[in-house]
Every structure is written in structure tokens, then in C-alpha cells.
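Below are some notes on the model you sent, set out as numbered points. They deal with the sheets, the helices packed on them, and the internal cavities.

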Amino acid sequence: MRVSDIQRCEVRPGQLVEWTFSPATVAAAAALPPDPRPPAYIQESHIRTARSVREDGLFVPTWLGAAFDLPGRADLDALEKALRGWTLRHETLRSGFRWAGDEMQRFTLDGNDVSLSRKVVGDFADAGTLVRHLQDRFDVAADALGWPNHIYAAVVRDDSTSVYMAFDHTNVDAYSLQRIPQEIHELYAARLAGRAVAGAPVGSYVDFCELERANADGIDDSHAIVARWREFIGRCDGRLPSFPVDLGLEPGGGLPAQQLMREPLVDADAAAAFEAYCRPFGGSLVGFLAATSLIVHELGGEPVYRTVVPFHTRLKSVWSDSVGWYVGGAPIEVAAARDFDEALTAVRAELQANRSLARMPLARVLHLLGADFRPTSPDLYSIVSYVDARVVPGSARWAERKVYGLIRVSYGDQVCAWVNRLHEGLWFACRYPDTDVAYKNMRRYVEGLRNLVVSVAARH
């Protein structure tokens, strides 16, 4: 899906309606005993980081969301039932955390205790005013340190209804967001038609957290994975890797504000030709990492490109349709190459050697390394991510339905870049520090990517 901020996802005026968990649901959650299933390491790291940054005096919203249209003036009763039904499918959405001293304890509601409260907020005649309201509301309602930490909204008009769903990151990853528009469309259509939806049961992310954590807790600092990370971080001067170009940041300065760059990269034909060229080396992911290694060497002069590559951890089919944060990271190191083919060969070898490291939560590894990684930034490291989203159900209609994946751009000292392959072509987005130097270098980076993809496609 097209990654965007809420400012540029085609928000239009209309009547705003929102849904949150009802007071009765919140009260039931407050009375729950602890759920013995622990947080995932990635959840705990995210929440502790948010708390650490908040204690430093900075409110850094980090919610994610999905935006899409339904046809006509929505039937709000049917939409509410669809939203509640979807919420009940995914256990993580009725599970949260509270502090017991310095320990995070989970609590999880029974589905029967979950109900939504609907509120008609009012009519908005100006899109800019509506955007500001939505962002401010989502900042509070989808806060990492609060619960509930997700919210649903609809902007109702005679000709169409726009749905916005925002979540703290502990509940969702990009793949979770990509599946939402089609699932809500199907549930809503079924409610309108008065028919039951025979959805297959999905695995619980809360169960996955317990399994993954038990596995991670079974290793110690003598494990080979820990040794690999120790060597990698050592070669990064004792830190996790940043994007290796000048971002105009002052050493020791505060956490900078960020900006978002988002735009089409190339059309469908060029995307297909680039994929075909890269396929013998492993496909477009290898291609974009290889391209990045060449471009950042040109921009920053670093002799080796080091990064952490995100991979999903949905290793069993039971998790494939589950909402949750199923992401790990694998380190790679690519020496400056003479040409694109040499870079492709190097990246393929690094991914083959290191991809399995993504199955072990990095937060567990860092704990075992004993390094003082007191988080001062919401991003532990910079990323370049590639996803082919054309296989996602409903993706062929994303442009027609005005589907966007939303990210909240606030503060951060890293670069996070996403390249998504859509039916229309490749879409690029990145968060980067809001400095003139960073803007100029990220523009040079994205133009370098575009030029390289076009030139490689022309060769195929």
C-alpha cells in the first residue's frame, strides 16, 4: 500500500464519527488479573523506549494506521458491527500491559467483554482542520503508554465514507495494516447483506509472543547468534547502524523533528523489468539493498554499507492472517562494489548467511550483550524495507479505494525507508531528520534509486 502521513492521504471534509472501547470494556480490563503470557521482546522494547523518551521530556507519537474508502454514505450500525467483529478476530487488540514495579504485566479481555462506543464528533467543512483533529486525536488514543491504544474513525459523506484506523505499533506491523481494508470491506458487505461471515480462525499474536519469548529466553551469551551480532555491532563502533550519509545532525543534540518523503518511484513496467533482472540474485529486495549500497557509498564515501534488514517472523501458516508485530532484523555488510551485479552478488550472500538471525529478537540479543543501549530514539537503527504487496487480497483495488498505510512522522534521528511494489509500480517513502542537509541527501538517494532502477530495467 502507499505509505503516507495523514496530511497526504486524500482526507476530504465530512461528518466525523469515532469508535473506541466502551467505558464498560475499559472497566472490565482494569479489573483483570495478569495474563501469564509475556510481551514480545519487540513490544517490551518499544514501550520501554517510549517511556524513556517521555521521561526525557519529549512526547513522540509513533502510531501506525490504515485509511480506505467505502462506497456511499456508510450504514454506521453495519460498520460498527464489522469493526467489532474484526477486532474480536485478533486477540492482541484486546490485550494490553500495565506496570508492576519495573515489570510489564499483560492483561487480556475475553471477547464477550469487548464493546465499542460510537461518538459523532461533528461536521468538518475544511480538510486541513479535519487532518489536524485526526492527528491530535490519534496521538492520544493510540499512545504506546496508554490503553486502549487504538481507535477507529469514519468521515461520512453522501458519495463515499473514509475509514481511518490507528494503532500503537505494539499491535500491528505493515502486513497487518495491508490486510485491513479488504477484511473490513468483506465484513461490512456481509453485515449490509445480513449474512454471516465464515472467516477462518486466525492465530493469536499473544500466543506467538509467548512462544517466541520462550525460545529467545533459551539462549545465553555463548550462542552463535549473539556472537554474530557482537561482531557486527563491534564493526559499527559499538552501535547499531545509522544511514551512512550526512543527515546534518549535531553530535549530542536532542532528538530532531522528522519529515516524510513519499512518491511514486517507477511505473509497473519498470518495476517488472527490475525484478526480472534481479531475480537470479534473489529478487527485488536484493536489488534495492544492492542499489542502496552503491548510492550511499557515492553520497557518503563509507567503504562498507552496514544495515539491519527487516524480515517477517510469520514462520507458520497459523500466523499468516494474524494482526501483530511479526518483525525481526538481520544484519548485513556490503563492501563497496564496482558495479550493480557485484553488489547484487554480495547482498545475496549476506542475506543467505544472516537471514536466520531475524528469528531471534534483537532486544534479547542486546540484553545478552550487556551493552548499555538505553534507548533515546524511537528507532534503534535505520532500515531499507522492500515489500511486494500485490499478493495482498484486495490490493488491485487500492488506488480506487484510496487505500493508504499511515505512519506518524514526529521525531527521530534515523532514516526509515520503505519501497512497496503495487500493481501501479513502485512506491517510495522515507522518514528522515528535518534538516536541509538530510533533505538534500535523501533527495539524491531517491533520485539515485530511480535512475538505477530505470537503467537496470532498460538493460533487461
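1. Histidine 150 has phenylalanine 167 in S8 as its bridge partner. This pair belongs to the ladder between strand S7 (residues 150-156) and strand S8 (residues 160-167), which run antiparallel and are joined by seven bridges. The model is a predicted one, and the pairing should be read as such.

2. S7 and S8 sit side by side in an open sheet of seven strands, whose order is S1-S13-S3-S8-S7-S2-S6. The pairing in this sheet is mixed. Its edges are formed by strand S1 (2-4) and strand S6 (116-124), each of which pairs on one side only. With direction ignored, neighbouring strands are turned by 25° against each other on average.

3. Helix H4 (residues 127-141) lies across four strands of the seven-stranded sheet, namely strand S2 (14-21), S6, S7 and S8. The angle between H4 and S7 is about 160°.

4. There is also an open sheet of four strands, in the order S9-S15-S14-S12 and again with mixed pairing. Strand S9 (258-267) and strand S12 (383-388) are the edge strands, each pairing on one side only. From one strand to the next, the twist averages 15°.

5. Within the four-stranded sheet, strand S14 (residues 416-422) pairs with strand S15 (residues 425-433) in the antiparallel sense, over seven bridges. One of the bridge pairs links cysteine 416 to arginine 431 in S15.

6. Two helices that pack on the four-stranded sheet deserve a comment. Helix H12 (residues 436-459) touches S9, S12 and S15, and its direction makes about 15° with that of S9. Helix H8 lies across S9, S14 and S15 and runs at about 85° to S9.

7. How do the axes of H8 and H9 cross? Helix H8 (residues 268-278) and helix H9 (residues 284-300) have axes that come within 8 Å and cross at roughly 90°. Angles of 65 to 115 degrees count as roughly perpendicular, so H8 and H9 are roughly perpendicular to each other. On the H8 side the contact is made by Phe274, Glu275 and Cys278, and on the H9 side by Ser284, Gly287 and Phe288. By class, these residues are three nonpolar, two polar and one charged.

8. H8 also meets helix H10 (residues 340-354); here the axes come within 11 Å and cross at roughly 65°. H8 and H10 are therefore roughly perpendicular to each other as well. Phe274, Tyr277 and Cys278 of H8 face Phe340, Asp341 and Leu344 of H10 in this contact. The residues divide into five nonpolar, no polar and one charged. Phe274 and Cys278 of H8 thus take part in the contact with H9 and also in the one with H10.

9. On internal space: rolling a probe the size of a water molecule over the atoms shows where empty space is left. In this model, the count comes to four cavities of 30 Å³ or more. The largest cavity has a volume of about 90 Å³.

10. Which residues line the largest cavity? The lining consists of His46, Thr49, Ala50, Val53, Arg54, Leu58, Val60, Thr62 and Pro378. By class, five of these lining residues are nonpolar, three are polar and one is charged.

How values were computed: Residues are numbered from 1 along each chain as its sequence is written. This is a predicted model: local features need pLDDT of at least 70, side-chain atom pairs count only at pLDDT 80 or more; totals for chains, interfaces and linings use all residues. Side-chain values use heavy atoms; hydrogens and water are left out. On a 1 Å grid over the protein atoms alone, a cavity is a set of points where a 1.4 Å probe fits but cannot get out, and a pocket is an open set with protein on both sides within 12 Å along at least five of seven lines; lining residues have an atom within 4 Å of a point. Grid points are joined across faces, edges and corners, and a volume is the space filled by probe spheres set on the points. Ala, Val, Leu, Ile, Met, Phe, Trp, Tyr, Cys and Pro count as nonpolar, Asp, Glu, Lys and Arg as charged, and the others, Gly among them, as polar. Axes are lines fitted to C-alpha atoms, for helices over the stretch in contact, and angles run from 0 to 180 degrees between N-to-C directions. Angles under 35 degrees count as roughly parallel, over 145 as roughly antiparallel, 65 to 115 as roughly perpendicular and the rest as oblique. Contact means heavy atoms within 4.5 Å. Two strands pair if DSSP finds at least two bridges between them.
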